[in-house]
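Open the model in your viewer and keep the selection panel at hand. The stops below say what to select and what is there.

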Amino acid sequence: NCFDFHPEENTTVKNNGNMRTGVGLLFWVITGLDFVVCVLQVFNDPIHGHMELHPLLVKIIDTPQFQRLRNIKQLGGAYFVYPGASHNRFEHSIGVAHLAGQLGQALKTKQPGLNITNRDILCVQIAGLCHDLGHGPFSHLFDAMFIPRARPDMREWKHETASLAMFDHLVESNGLEVVMEQYGLIPSEDLTFIKEMIHTDNNNDQESPQWPYEGRTEDKSFLYEIVSNKENGIDVDKFDYFARDCYHLGVQINFDYRRFLKFARVCEVDGRKHICVRDKEEDNMTEMFHTRLCLHRRAYQHKVTKIIETMITDAFLKADSTESTEKKTFRLSKAIDDMEAYTKLTDAVFEQILNSTSEGLKDARHILRRIITRKLYRFLGETRLDDPTEVSTNVVVCLYCITLSVTIKMDYGMKREDPIDHLYFYSKHNTTRAFKRKRCQVSRIRPTCFSERLVRFVCKKTDLKADPKADPRAEFKKWCKAKGFPEYQVIFINKLLNI
């Protein structure tokens with residue numbers, strides 16, 4: 001338990017032999033018979049202002065495994081389209097830890113009966129801080145585009161899986177279990193709890209009649225909804241990256257996460273406790289999911305962003321197929337099997353390939369130079385399909401000089417469903433009873449469709465008429481017929497090709 005707070009300015013802290021000086025809040029932690037002096041380190045952030053972080057969080061930040069996130073772009077290839085999108089996973093992770101602490105503390109203050117302890121809040125903050133440790137170069141490009149093609153046997157591998165392995169590596173290689181004990185944590189319980197909040201392999205955990213977690217008992221089920229909410233997708237991870245991405249992209253945001261923090265309460269539903277929000281906040285929460293869709297349309301799935309990410313993926317695949325003669329080296333796709341090697345894998349691999357003189361990296365280097373000189377794959381057009389349910393993400397079909405890239409996933413976060421249908425509300429007249437919105441209460445001007453599927457056509461060649469033998473009309477006609485797509489798409493492509 002923390003007590004006896006004292007404001008201290010220009011506090012100097014000795015950390016691993018290095019001196020850190022900054023503004024902090026001094027307090028004491030008692031563990032058994034030992035007293036530990038703690039200084040809350042203050043980080044100035046353009047999104048959240050001054051963030052006070054527990055010294056254990058600072059210990060985690062000051063590790064090679066976490067510092068690696070400084071060199072992984074939050075939005076991957078979008079930086080080549082939006083010059084302001086230069087932010088990295090590093091600051092996002094710190095922001096999530098800050099918001100996790102704010103939400104946890106808000107619930108603790110408003111509802112003392114929940115028995116939320118400082119230990120609980122610290123664990124939730126650590127989970128928020130470490131939830132993205134497993135991201136590879138250019139963030140989602142690595143696990144969504146590169147790994148499935150480089151290692152088909154690992155198609156189900158996601159960065160969350162690597163986050164768990166990297167977290168274990170971080171704790172072990174830096175001897176943090178002892179430090180955690182000094183600050184009042186119980187590693188045998190809390191490490192499990194933290195990892196369960198980062199990621200779990202259990203499917204439909206929240207709907208299971210049996211409590212699927214070990215880190216905390218069922219009476220604290222709501223804690224699992226703070227960092228990564230599987231119930232309805234409303235969590236502090238999204239709060240931070242919506243605000244941060246919009247800020248750096250120069251996109252206006254109408255959703256106010258501070259109102260959620262103000263009106264969030266825990267209510268019991270069918271024997272399990274969930275985080276709920278005031279009924280009057282429905283429009284604000286709807287705006288949150290609409291913000292997600294707008295960010296996907298304008299940035300994450302921007303046509304040039306996806307073309308550049310496809311080119312980076314192609315270059316990585318070329319480099320991955322090159323065998324190195326040096327000892328103790330890993331292919332890009334094999335680094336995920338060794339966390340020590342993965343720690344060294346960041347966006348810097350782009351520059352390493354680009355500036356290399358190796359003959360084996362010639363093809364990869366050529367593709368990356370095309371990106372730098374803006375000789376990109378050519379976007380030909382796109383069309384929408386009526387049925388958004390078929391999974392076709394990252395399917396690439398080559399037809400002569402044309403590459404057909406089927407790029408999907410435009411939704412509100414829950415595929416075809418309205419995420420508001422999964423959100424629990426409470427009213428000011430009864431703050432303990434949770435309820436879901438009834439269909440008859442839905443505004444008629446609200447959308448009724450919550451997902452769509454796009455098919456994009458991209459050509460790797462800049463000169464579409466360089467190969468007189470290529471007949472995109474005939475090939476696309478065959479392809480459309482085989483897939484059951486209307487043939488007007490072929491006419492659309494012909495018009496773009498001027499043939």
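Start by selecting Asp-168 and Lys-195, which form a salt bridge whose closest N and O atoms are 3.1 Å apart. The model is a predicted one. This pair links distant parts of the chain: Asp-168 sits in helix 6 and Lys-195 in helix 8 (residues 187-198), 27 residues apart. Asp-168 has 35% relative accessibility and therefore counts as partly exposed. Lys-195, at 25% relative accessibility, also counts as partly exposed.

Next, extend the selection to helix 6, residues 159-173. Its 15 residues reach 20 Å from the first C-alpha to the last, close to the 21 Å expected at 1.5 Å a residue. Which residues of helix 6 are buried? Colour His-159, Ala-162, Ser-163, Leu-164, Met-166, Phe-167, His-169, Leu-170 and Val-171 to see them. Then step just past the end of helix 6 to Gly-175, where phi is positive, at about 60°.

Now go to another salt bridge. Select Arg-89 and Asp-132; their closest N and O atoms are 2.8 Å apart. Arg-89 belongs to helix 3 (residues 89-110), while Asp-132 is in the loop between helix 4 (118-130) and helix 5 (140-150), so the pair ties together parts that are 43 residues apart in sequence. Are these two residues, Arg-89 and Asp-132, buried or exposed? Both are buried.

For a third pair, select Lys-238 and Asp-235, whose side chains meet in a salt bridge at 3.5 Å, N to O. With a relative accessible area of 4%, Asp-235 is buried. Lys-238 has 16% relative accessibility; the cut-off for buried is under 20%, so Lys-238 counts as buried.

Keep Asp-235 selected, as it also lines the second largest cavity. Add the other lining residues: Leu-103, Glu-225, Ile-226, Ile-234, Val-236, Phe-239, Phe-260 and Ile-275. How much space lies in this second largest cavity? The volume is about 30 Å³. By class, its lining has 7 nonpolar, no polar and 2 charged residues. The structure holds 2 cavities of 30 Å³ or more.

The last stop is a network. Select Arg-119, Asp-120, Glu-189, Asp-190, Arg-216 and Lys-220, which are linked by salt bridges. Side chains of opposite charge can pair when their charged atoms come close. How many salt bridges are there in the count? The count comes to 18.

Technical notes:
Residues are numbered from 1 along each chain as its sequence is written. This is a predicted model: local features need pLDDT of at least 70, side-chain atom pairs count only at pLDDT 80 or more; totals for chains, interfaces and linings use all residues. Side-chain values use heavy atoms; hydrogens and water are left out. Helices (H or I, at least four residues) and strands (E, at least two) are DSSP runs, numbered from the N terminus. The expected span of a helix is 1.5 Å times one less than its number of residues. Buried means under 20% relative accessible area, exposed over 50%, partly exposed in between (1.4 Å probe, protein chains only). On a 1 Å grid over the protein atoms alone, a cavity is a set of points where a 1.4 Å probe fits but cannot get out, and a pocket is an open set with protein on both sides within 12 Å along at least five of seven lines; lining residues have an atom within 4 Å of a point. Grid points are joined across faces, edges and corners, and a volume is the space filled by probe spheres set on the points. Ala, Val, Leu, Ile, Met, Phe, Trp, Tyr, Cys and Pro count as nonpolar, Asp, Glu, Lys and Arg as charged, and the others, Gly among them, as polar. A salt bridge is a side-chain nitrogen of Lys or Arg within 4 Å of a carboxyl oxygen of Asp or Glu.
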